[in-house]
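Okay, thanks for coming, everyone. I've got one model to walk you through today, so let me put it up on the screen.

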Amino acid sequence: MTTIATKDGVMACDSQWTVGDLKGVSRTKIRRLKSGAILGFSGENDSRALEKLLENVKTPQQLPLPKKLHELKQDLHAILLFPDRRIFVISTIAVTDNEHEESGVVEVSRPFWAVGAGGHLALGALWSGKSAEEAVACGIEFDPASSGTVHSLSLAAKRKR
């Protein structure tokens with residue numbers, strides 16, 4: 001469970017990782033990809049397959065089709081923030097018995113967004129003018145499935161090599 005928020009070229013997340021129903025370790029849930037985009041993910045702890053799939057995606061036209069995402073067989077919700085600040089929500093579903101539920105990618109029409117168990121709380125905070133970091137702090141404060149330190153990455157920050 002988690003809270004991830006993005007606004008103004010910054011993505012932030014809480015740092016609680018769970019193992020089953022127990023708190024596990026404290027880690028970041030956001031990564032800068034080789035393409036320069038920032039990826040934040042909630043759901044399954046192991047996002048390596050999704051990261052690999054998106055690592056070199058530089059334009060929305062290069063984003064994977066739903067079938068490719070569904071082949072990951074993971075339950076994830078992610079935010080992909082491109083260097084031009086366009087925001088995309090990516091959903092992958094491991095197994096579904098609902099014919100209307102599928103993996104896919106949707107562009108967000110607002111300049112901010114949030115996902116995760118505390119995402120709805122963070123979204124309200126973003127809408128009311130809070131920063132991505134403040135929105136995640138709101139998720140941590142009120143969502144029982146989000147906790148720990150707030151981590152953030154900025155598109156403006158220089159990439160470490």
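Quick bit of vocabulary before I start: when I say helix, I mean a DSSP run of H or I that is at least four residues long, and the numbering goes from the N terminus. With that in hand, Glu-51 sits in helix H1, and I'll come back to that residue. Also, please keep in mind that this is a predicted model.

Let's begin with the sheet. It's an open one with five strands, in the order E5-E6-E7-E8-E9, and the pairing is antiparallel. Which strands stand at the edges? Those are E5, residues 30–32, and E9, residues 104–107; each has a single partner strand, so one side of each is left without a neighbour in the sheet. On average, neighbouring strands here are turned by 20° against each other, ignoring direction.

Now zoom in on E7. On one side, E6 and E7 run antiparallel and are joined by six bridges, with Gly-40 standing opposite Ile-79. On the other side, E7, residues 76–81, is joined to E8, residues 87–92, again antiparallel and by six bridges. In that pairing, His-77 has Ser-91 as its bridge partner, and Leu-80 stands opposite Phe-88. The hairpin of E7 and E8 has five residues between the strands, and Arg-85 there takes a positive phi, near 75°.

So how many residues of E7 are buried? Five of the six, so the strand is largely enclosed by the rest of the structure.

That takes us to the packing. The largest nonpolar core has 17 residues, and the ones touching the most other members are Leu-39, Leu-50, Leu-54, Leu-63, Leu-80, Phe-82 and Ile-90. Strand E6 (38–43), helix H1 (48–54), E7 and E8 each put in at least two residues, and E7 gives the largest share, three residues. Take Leu-54 as an example: leaving out residues up to four places away in sequence, Leu-54 touches Leu-33, Leu-39, Leu-63, Pro-64 and Ile-90. Apart from this core lies another one, of 12 residues, including Ile-4, Cys-13, Val-115 and Leu-155.

There's one aromatic pair in the whole structure. Phe-82 and Phe-88 make it, edge-to-face, with 5.5 Å centre to centre and 90° between the planes. Both Phe-82 and Phe-88 are buried.

Back to Glu-51, as promised. Is Glu-51 buried or exposed? The cut-off for buried is under 20% relative accessible area, and Glu-51 comes in at 13%, so buried it is. What does Glu-51 touch, not counting residues up to four places away in sequence? The list is Arg-31, Leu-33, Leu-39 and Phe-41.

Last topic, the cysteines. The disulfide count comes to zero. Cys-13 is in no disulfide, and the nearest cysteine sulfur, in Cys-138, is 16 Å away. Why is there no bond for Cys-138? Because a disulfide needs the sulfurs within 2.5 Å, and at 16 Å from the sulfur of Cys-13, the sulfur of Cys-138 is too far away. As for burial, Cys-13 is buried at 0% relative accessibility, while Cys-138 is partly exposed, with a relative accessible area of 22%.

That's what I had. Happy to rotate the view if anyone wants another look.

Terms used:
Residues numbered from 1 in each chain as written. Predicted model: local features only at pLDDT ≥ 70, side-chain atom pairs only at ≥ 80, totals over all residues. Heavy atoms only, no water. Pairing = 2+ DSSP bridges. Axes fitted to C-alpha atoms, helices over the stretch in contact; angles between N-to-C directions. Phe/Tyr/Trp six-rings, centres within 6.5 Å; stacked < 30°, edge-to-face > 60°. Buried < 20%, exposed > 50% of the residue type's maximum accessible area, 1.4 Å probe, protein only. Core = buried A, V, L, I, M, F, W, Y, C linked by side-chain atoms within 4.5 Å. Contact = heavy atoms within 4.5 Å.
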